[in-house]
Amino acid sequence: MKFRPLHDRVVVRRIDEDERTAGGIIIPDTAKEKPQQGEVVAVGPGVADDTGKVQPLDVRVGDRVLFGKWSGTEVKIDGDDVLIMKESDILGVLETTAAKKKAA
C-alpha cells in the first residue's frame with residue numbers, strides 16, 4: 001500500500017469475524033454487522049504538542065485494535081477497503097497471550 005497517513009491518523013483493515021454462531025448457525029451477509037476489530041496497516045508520525053515536539057502514536061503497524069462501530073472514514077486504497085481514523089477513535093489494542101501465540 002502506498003499511502004502515508006498524516007499526523008495522528010491510522011489506517012485500519014477490518015478483520016472479518018466468524019460467519020457462524022456458537023450454535024453452528026451460518027449468518028448471511030445481509031444480517032452481519034461490520035466488524036469492530038481490525039489490523040493497523042499504517043500510522044502517521046504523530047501530533048505536535050504545544051512546544052512543537054512530535055508525540056509518537058501508541059499503536060504500531062500490525063497491532064490488532066478494537067474501535068467504535070461508527071469510527072473512521074471508509075475508503076478504497078489499491079483495491080482494499082480500509083478505514084482511516086484518528087488514534088483517539090481506537091478504543092484499545094487487543095493483546096495476545098503466550099498460549100494463543102503458541103497455538104497459532
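How many bridges join strand β6 (residues 73-77) to β7? I looked this up and found five, with the two strands running antiparallel; strands here are DSSP runs (E, at least two residues) numbered from the N terminus, and two strands pair if DSSP finds at least two bridges between them.

Before going on, I noted that this is a predicted model, in which local features need pLDDT of at least 70 and side-chain atom pairs pLDDT 80 or more, while totals for chains, interfaces and linings use all residues. Residues are numbered from 1 along each chain as its sequence is written, and side-chain values use heavy atoms, with hydrogens and water left out.

I then looked at the turn: β6 and β7 form a hairpin with two residues between them, and Asp78 in the turn has a positive phi of about 50 degrees. Thr73 stands opposite Ile84 in β7, and Ile84 is also the bridge partner of Val11. I counted four bridges joining β1 to β7, again antiparallel.

Next I turned to the largest nonpolar core (buried Ala, Val, Leu, Ile, Met, Phe, Trp, Tyr and Cys residues joined through side-chain atoms within 4.5 Å; buried means under 20% relative accessible area, exposed over 50%, partly exposed in between, with a 1.4 Å probe and protein chains only). This core has 10 residues, among them Val10, Val12, Val65 and Ile90. The elements giving two or more residues to this core are β1 (9-14), β5 (64-67) and β7 (80-86). A second, separate core of five residues includes Val11, Ile77, Val82 and Ile84.

Last, I checked Leu91, which is found in strand β8 (residues 90-93) and is exposed, with a relative accessible area of 62%.
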